[in-house]
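I opened this entry to look up the aromatic side chains and the charges that sit over their rings. The structure is set out below for reference.

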Amino acid sequence: QVQLVESGGGLVQTGGSLRLSCVASGRTFSSYSMGWFRQAPGKEREFVARHAWIRDTQYYAEYTDSVKGRFTISRDNAKNTVYLQMNSLKPEDTAVYYCSAKLGVVLGSTGPQYDYWGQGTQVTVSS
């Protein structure tokens, strides 16, 4: 069982930055694909970014089009932590952001393939 705890959300003005963190329990973090999703009020949960496991400690990053060039996903395996650096934030980025994890490979950007989810952290961008 893996537990995920997100932090780093808050209120920021348009154009500002936030860094979300997600700490995972367990001893095999380096073999997990990690994802970030978000859900705005009245909308469905959507994919934001993933740091997908390939083999050993090789990964690739992928982003939804709306955040490319503004958000960066990264991880620190020594700290069992995945990050989402969010720059040039826009009001439409306002949502609850969720961290997710799946042991091994993930295919595509769908949420249901992830086995573990955090409780979410609120990000609010004011105009």
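I took two rings of Phe, Tyr or Trp as a pair if their centres lie within 6.5 Å, with planes over 60 degrees apart counted as edge-to-face. The model is predicted.

Entry 1, pairs. I obtained a count of five aromatic pairs by this rule. I looked up Phe 37 and Phe 47: the ring centres are 5.7 Å apart and the planes stand at 75°, so I entered the pair as edge-to-face. This pair links distant parts of the chain, with Phe 37 in strand β4 (residues 32–39) and Phe 47 in strand β5 (residues 46–55), 10 residues apart.

Entry 2, burial of this pair. I found Phe 37 buried, at a relative accessible area of 2%. Phe 47 is also buried, at 11% relative accessibility, because the cut-off for buried is under 20%.

Entry 3, a further pair. I noted 6.1 Å between the ring centres of Tyr 114 and Trp 117 and 70° between their planes, so this pair is edge-to-face. Tyr 114 is buried, with a relative accessible area of 4%, whereas Trp 117 is partly exposed at 27%.

Entry 4, cluster. I recorded Phe 37, Phe 47, Tyr 114 and Trp 117 as members of one aromatic cluster.

Entry 5, charges over rings. Which charged residue sits over the ring of Trp 117? I found the charged end of Arg 45 there, 4.1 Å from the ring centre. I also looked up Tyr 59, where Arg 75 lies over the face at 3.9 Å from the ring centre.

Key:
Residues are numbered from 1 along each chain as its sequence is written. This is a predicted model: local features need pLDDT of at least 70, side-chain atom pairs count only at pLDDT 80 or more; totals for chains, interfaces and linings use all residues. Side-chain values use heavy atoms; hydrogens and water are left out. Rings of Phe, Tyr and Trp (its six-membered ring) pair if their centres lie within 6.5 Å; planes under 30 degrees apart count as stacked, over 60 as edge-to-face and the rest as tilted. Helices (H or I, at least four residues) and strands (E, at least two) are DSSP runs, numbered from the N terminus. Buried means under 20% relative accessible area, exposed over 50%, partly exposed in between (1.4 Å probe, protein chains only). A charge sits over a ring if NZ of Lys or CZ of Arg is within 6 Å of the ring centre and within 35 degrees of the ring normal.
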